[in-house]
Amino acid sequence: MSTSEAAALAERLRPAVADERVLAAIASVPRERFVPESERHRAYENVALPISCGQTISQPLVVARMLEVLDLRPSDRVLDVGTGSGYHAALLAKLAAHVWTIERHVELSARAQSTIEELAIGNVTFRVGDGWEGLPDEAPFDAINVAAATGDSPPVALEEQLAVGGRLVAPVGAAEQHLIRTRRSAEGFQRARLEAVRFVPLVRGRGS
Ligand code: SAH
């Protein structure tokens, strides 16, 4: 039931998402498992939904676009900042070799971990901490996904944790936010501004 609904969601996203690997990943992950019971009936709508701790699971179209922009390879090591429900991390895990995901709320991290374990996705490591700092002990990463908005540029500490050839995507801005993609080459960092989005803020420090 849930996988056919996930497949239908992927089909609805197809007009806006060119990467077939991303659509296949969306079709294979049951989003209903990542939302509270009270929101299950809306799990396959293309909308952000409330989770606990006043946070949200992102809109599927935006998640799909961020996955596409990261241009993931099966061998990639990925950092995901803002675990939330764990849905985005589960999709990253389908497309890459290993995902380290950081969340400031213990409750969200623990729940995401049990959901991902129940789905037998084995290549995700959960950390509770401040995502502004990234994960220096596991850097460099081939890709970094930031799922909460930062002031006027992607956090420097995160860009510094990209491998040469690595890509980062982050929502940037306050009243108006856009996705920014950073690519790291031997010459430095190249940033491109992409579509407008709306994310909860990346808050400094560890939460409760
Ligand atoms: N990727 C999530 C949605 C993210 S919502 C999903 O698929 O469901 C943004 C998340 O970032 C929230 O859970 C919020 O608690 C977390 N967050 C905000 N600031 C943070 C920080 N400094 N470090 C780690 N996580 C943070």
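**The pockets and the ligand**

About 500 Å³ of space lies in the largest pocket. This pocket is lined by 35 residues, and Gln-55, Thr-56, Ala-147, Ala-148 and Val-200 are the closest to its centre. The model described here is a predicted one. By class, the lining of the largest pocket consists of 17 nonpolar, 13 polar and five charged residues. Several elements of secondary structure contribute to this lining: strand E2 (56-57), helix H3 (60-70) and strand E3 (77-81), and also helix H4 (87-95) and strand E4 (98-103). Each of these five supplies at least two residues of the lining.

The largest pocket is where the ligand sits. Around the ligand there are 26 residues, and the closest of them are Ser-85, Glu-103, Asp-130, Gly-131 and Val-203. The shell around the ligand divides into eleven nonpolar, twelve polar and three charged residues. Strand E2, helix H4 and strand E4, which help to line the largest pocket, also supply at least two residues each to the shell around the ligand.

Some contacts can be described atom by atom. In the side chain of Ser-85, an N or O atom is 2.6 Å from an oxygen atom of the ligand. For Glu-103, too, the contact involves the side chain, where an N or O atom is 2.6 Å from an oxygen atom of the ligand. His-88 takes part through its backbone: a polar backbone atom of this residue is 3.1 Å from a ligand oxygen atom. The ligand taken alone exposes 580 Å², and the protein buries 99% of that.

The second largest pocket holds about 160 Å³ of space. Its lining has 14 residues, and those nearest its centre are Arg-33, Phe-34, Val-35, Pro-36 and Arg-111. Sorted by class, the lining of the second largest pocket has six nonpolar, five polar and three charged residues.

Two details of the backbone remain, and both belong to loops. Cys-53 lies in the loop between strand E1 (49-50) and strand E2. Although Cys-53 is not a glycine, its phi is positive, at about 60°. Strand E2, at one end of this loop, is among the elements that supply residues to the shell around the ligand. The other detail concerns Pro-140, which is placed in the loop between strand E5 (124-128) and strand E6 (141-146). The peptide bond that joins Ala-139 and Pro-140 is cis, with an omega of about 5°.

Notes: Residues are numbered from 1 along each chain as its sequence is written. This is a predicted model: local features need pLDDT of at least 70, side-chain atom pairs count only at pLDDT 80 or more; totals for chains, interfaces and linings use all residues. Side-chain values use heavy atoms; hydrogens and water are left out. A residue is near a molecule or strand if one of its heavy atoms lies within 4 Å of it. A polar contact is a pair of N or O atoms within 3.5 Å; within protein, one must be able to donate a hydrogen and the other to accept it, and residues adjacent in sequence count only if both atoms are side-chain atoms. Accessible areas come from the Shrake-Rupley method with a 1.4 Å probe; for residues, only the protein chains shown count as cover. On a 1 Å grid over the protein atoms alone, a cavity is a set of points where a 1.4 Å probe fits but cannot get out, and a pocket is an open set with protein on both sides within 12 Å along at least five of seven lines; lining residues have an atom within 4 Å of a point. A molecule sits in a cavity or pocket if more than half of its atoms lie within 2 Å of its grid points. Helices (H or I, at least four residues) and strands (E, at least two) are DSSP runs, numbered from the N terminus. Ala, Val, Leu, Ile, Met, Phe, Trp, Tyr, Cys and Pro count as nonpolar, Asp, Glu, Lys and Arg as charged, and the others, Gly among them, as polar. Grid points are joined across faces, edges and corners, and a volume is the space filled by probe spheres set on the points.
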